[in-house]
Every structure is written in structure tokens, then in C-alpha cells.
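Open the structure in a viewer and keep the sequence beside it. The stops below say what to select and what is there.

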Amino acid sequence: MCQQCRNDGDCAAGQQCNAGRCDPIPGYCRSDDDCGPGEACLENRCQGPQSLDDGSAGAANGDGQCSIETVYFDFDSSTISAAARSKIEGNIRCMQTKGITTVHLTGHCDPRGTEEYNLALGDRRAQSVRKIAVSMGMASGKVTASSMGEEMAQGEDESAWAKDRRVEFTTK
């Protein structure tokens with residue numbers, strides 16, 4: 001069997017050696033343009049906004065209150081990056097602070113791939129976020145998930161497609 005690599009040093013920037021094959025590193029970036037909205041490229045990793053001074057996470061608006069943020073994903077992935085996990089945890093803490101006990105998670109995809117594949121990928125993304133929400137104490141029956149697939153995609157290039165690859169929180 002042919003191998004592309006024996007270790008990470010054999011792969012190009014932004015890739016890692018995985019069982020003899022160079023695979024993209026999830027969340028790897030070279031500039032802020034490679035990251036989702038509201039994220040910055042720090043030490044080649046997309047990072048979300050910094051947590052608030054009081055230790056709570058979630059985005060702060062002008063009056064210091066937290067807000068629920070959209071979570072973004074890498075291309076063809078439902079894996080939660082460190083930045084996405086931090087954002088999800090901040091969203092859950094924010095909802096708990098506000099007394100929100102019910103949430104619906106909607107997974108979205110960019111338009112590449114078949115409609116069936118993208119519906120399944122959107123569902124995997126929503127279920128990945130749901131798993132973290134439940135692990136943080138949200139009642140399993142109060143966290144629902146579904147997929148829109150590529151139906152709401154609006155991007156026409158990579159930077160716009162990055163905004164299509166997301167899970168949105170709808171609180172009730």
C-alpha cells in the first residue's frame with residue numbers, strides 16, 4: 001500500500017499524517033478569511049470571541065448581556081472544533097443564565113454535494129451540537145435537532161460557503 005506520509009512533517013501546511021495519508025487539519029487557518037464570521041485566525045487555529053470578564057461565555061452585546069451565536073463547521077465535517085465547542089458551551093451557559101430550557105438546533109450545509117448527502121451532513125452537525133448541550137445539563141427532550149441541508153445556502157465561493165456550514169440555535 002502506498003503512503004503519502006510517515007509523520008506530520010511529510011505533509012503540506014494545514015495537513016497532518018493520518019494512517020499514511022495527508023488529511024486536512026480541522027480548524028486550520030492561514031488568515032482570518034479562512035475562518036467563520038466572528039472568528040479570528042490565531043496560531044493557525046480559528047478562534048471565537050474571547051469569553052466575558054465574569055467567566056460567562058457567549059457574545060456580549062452593548063449592555064453586557066450574553067447572546068446566542070451560530071456555530072460554524074469545516075468543509076464536509078460534523079466534527080466540533082475547539083473554537084466551536086467553546087461557542088456551544090458559551091451558548092448553553094447563556095441560555096441557562098437567561099432561564100431558556102428549550103432549544104431547536106438546525107444544521108446547514110454549503111451547496112456542494114448531493115441534496116441527500118447534505119441533509120444527512122446537516123443532521124450530523126445538529127446532532128453533534130445537541131450531544132454537547134445535553135452533556136452540559138440540558139434536558140434531552142428539550143433539545144431538538146433537524147437539518148436544512150443546502151436549502152438555505154447562499155454562498156458562491158469559499159468565504160461565503162464557510163457561512164453556509166453552520167448550526168443555528170432557535171430558543172423557545
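Select C109 to begin: C109 has 1% relative accessibility and therefore counts as buried, where buried means under 20% relative accessible area, exposed over 50%, and partly exposed in between, taken with a 1.4 Å probe on protein chains only. The model is predicted, so local features need pLDDT of at least 70 and side-chain atom pairs count only at pLDDT 80 or more, while totals for chains, interfaces and linings use all residues. Residues are numbered from 1 along each chain as its sequence is written, and side-chain values use heavy atoms, with hydrogens and water left out.

**The residue D110**

Go on to D110, in the loop between β8 and α2. Helices (H or I, at least four residues) and strands (E, at least two) are DSSP runs, numbered from the N terminus. Is D110 buried or exposed? D110 is buried, at a relative accessible area of 4%.

Now show what surrounds D110. Apart from its neighbours within four places in sequence, D110 is in contact (heavy atoms within 4.5 Å) with F75, N118, E150, A153, W161, D164 and R165. The side chains of D110 and R112 are joined by a polar contact of 2.8 Å. A polar contact is a pair of N or O atoms within 3.5 Å; within protein, one must be able to donate a hydrogen and the other to accept it, and residues adjacent in sequence count only if both atoms are side-chain atoms.

**Salt bridges**

Keep R112 selected and add E158. Their side chains meet in a salt bridge of 3.1 Å, N to O; the term means a side-chain nitrogen of Lys or Arg within 4 Å of a carboxyl oxygen of Asp or Glu. This pair links distant parts of the chain, with R112 in the loop between β8 and α2 and E158 in helix α3 (residues 158-164), 46 residues apart. R112 is partly exposed at a relative accessible area of 28%, and E158 is partly exposed at 40%. D110, R112, E158 and R165 are joined into one network by salt bridges that share partners.

How many salt bridges does the structure hold? There are eight. For another of them, select K87 and E69, whose side chains meet at 3.7 Å, N to O. K87 lies in helix α1 and E69 in the loop between β6 and β7, so this salt bridge ties together parts that are 18 residues apart in sequence. K87 counts as buried at 8% relative accessibility, and E69 counts as buried at 15%.

Stay on helix α1 and select E89 and R85, whose side chains form a salt bridge of 3.6 Å, N to O. E89 and R85 are four residues apart in helix α1, so about one helical turn separates them. E89 counts as partly exposed at 24% relative accessibility; R85 is partly exposed as well, with a relative accessible area of 39%.

**The sheet**

Switch to a cartoon view. An open sheet of four strands runs in the order β7-β10-β8-β9, with mixed pairing; two strands pair if DSSP finds at least two bridges between them. β7 (71-72) and β9 (143-149) stand at the edges with a single partner strand each, so one side of each has no neighbour in the sheet. Strand β8 (residues 103-108) pairs with β9 in the parallel sense over six bridges. To find the register, select T106, which stands opposite S146 in β9. Helix α2 (residues 115-135) packs on the sheet and touches β8, β9 and β10 (166-171); the direction of α2 makes about 155° with that of β9. Axes are lines fitted to C-alpha atoms, for helices over the stretch in contact, and angles run from 0 to 180 degrees between N-to-C directions.

**Disulfides**

Finish with the cysteines. A search of the whole structure finds three disulfides, each a pair of cysteine sulfur atoms within 2.5 Å.

- Select C5 and C17: their sulfur atoms are 2.2 Å apart. The torsion about the S-S bond is about 90°, so this disulfide is right-handed.
- Select C11 and C22: their sulfur atoms are 2.2 Å apart. With -85° about the S-S bond, this link is left-handed.
- Select C66 and C94: their sulfur atoms are 2.1 Å apart. C66 lies in strand β6 (residues 66-67) and C94 in helix α1 (residues 82-98), so the pair ties together parts that are 28 residues apart in sequence. Both C66 and C94 are buried.
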